[in-house]
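Please walk me through this structure, beginning with its helices and going on to what lies buried inside it.

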Amino acid sequence: MIISKNNQKRQEIKFIITTNEKNNFINNNQLKKIFPDRIVESIYFDTKDLQFFNLSEEGVTPRLKVRLRGYNNEELNNLEIKKTNNYHREKIVLKDFRYNNFELHSFLKKIGVNSIVEKKIRVKYLRSYYELENLGRITIDRKIEFSYPSREFHNSKKINQTVLEVKIQHDKIDKNTIEKIINFNESRFSKYCIGIQCMHNSN
């Protein structure tokens, strides 16, 4: 297993856009893809009483996300732990992780996370990768769908939203500047939280 840690002042600013806005933004900025489109699939973990979900909904920091992630319908074998602080985010990735409950909680304890967590929801979407000069990496997610962890996506809950996300690794550009460059208004959007709400409302 390979552990990578990114504790730079990473910022992630999200914008909810329409399909027309997406196409115009790509064309007007002459964006070039830096990576082929791929399907992203994650299983999110939370405590029994949804502590991570509630902290995210309330906007409280610091807060955590714990998930297994895989790509292009292959095995979900990347364990990712994201910590959101006041002004930046940290991310730890454990690659080639073969999930079992004991190994998961052993690793979480090693990095100071003592919460007992369980699988809550499965999320799947199509992601495109771009680079915008003088700003940074941009991803665009669409075809977002949710399912329970033990179920396949043929009976999933789908949402018709497109999410543009700016990812920057430095603090030289503030959110106001990014909004002016992107020319959209920032939106709070968590796929995990939206998924929990969608699946709860579908019951």
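In this predicted model, helix H1 is followed by Gln 30, a residue whose phi is positive, near 50°. Within H1 itself, Lys 22, Phe 25 and Ile 26 are buried, and because these buried residues fall within an arc of 95° when seen down the axis of H1, they line one face of the helix. The face of H1 turned away from that buried side carries Asn 20, Asn 27 and Asn 28, which are exposed.

H1 also takes part in the largest nonpolar core, which has 18 residues, and of these Phe 15, Ile 138, Leu 164, Val 166, Ile 178 and Ile 182 touch the most other members. The elements that each give two or more residues to this core are strand S1 (2-17), helix H1 (19-28), strand S6 (118-132), strand S7 (136-147), strand S9 (162-168) and helix H4 (175-182). A second core, separate from this one, consists of 17 residues, among them Ile 121, Val 163, Ile 196 and Cys 198.

Ile 182 shows how distant parts of the sequence are brought into contact: leaving aside its neighbours within four places in sequence, Ile 182 is in contact with Phe 15, Phe 25, Leu 132, Leu 135, Ile 138, Leu 164 and Val 166. One of these partners, Leu 135, lies in the loop between S6 and S7, and because its relative accessibility is 5%, against a limit of under 20% for buried residues, Leu 135 counts as buried. Leu 135 and Phe 189, which are 54 residues apart in sequence, are 21 Å apart in space, taken from C-alpha to C-alpha.

Helix H2 (residues 51-58) has its own buried residues, namely Phe 52, Phe 53, Leu 55 and Ser 56, and these cover an arc of only 165° around the axis, which puts them on the same side of H2. The buried residues of H2 pack against strand S2 (32-46), strand S3 (63-71) and helix H5 (191-201), while just after H2, Gly 59 takes a positive phi of about 70°.

The packing of H2 on H5 can be followed further. Two packed helices are described by the angle between their axes and by the distance between those axes. The axes of H2 and H5 come within 10 Å and cross at roughly 110°, which makes H2 roughly perpendicular to H5, and the crossing of H2 and H5 is left-handed. At this meeting of the two helices, Phe 53, Ser 56 and Glu 57 in H2 meet Tyr 192, Cys 193, Ile 196 and Gln 197 in H5, and Ile 196 is also one of the residues included in the second core.

Definitions and conventions:
Residues numbered from 1 in each chain as written. Predicted model: local features only at pLDDT ≥ 70, side-chain atom pairs only at ≥ 80, totals over all residues. Heavy atoms only, no water. Core = buried A, V, L, I, M, F, W, Y, C linked by side-chain atoms within 4.5 Å. Buried < 20%, exposed > 50% of the residue type's maximum accessible area, 1.4 Å probe, protein only. Helix = DSSP H or I, 4+ residues; strand = E, 2+ residues; numbered from the N terminus. Contact = heavy atoms within 4.5 Å. Arc of directions from axis to C-beta. Axes fitted to C-alpha atoms, helices over the stretch in contact; angles between N-to-C directions. Parallel < 35°, antiparallel > 145°, perpendicular 65-115°, else oblique. Left-handed = near helix turned anticlockwise from the far one by under 90°.
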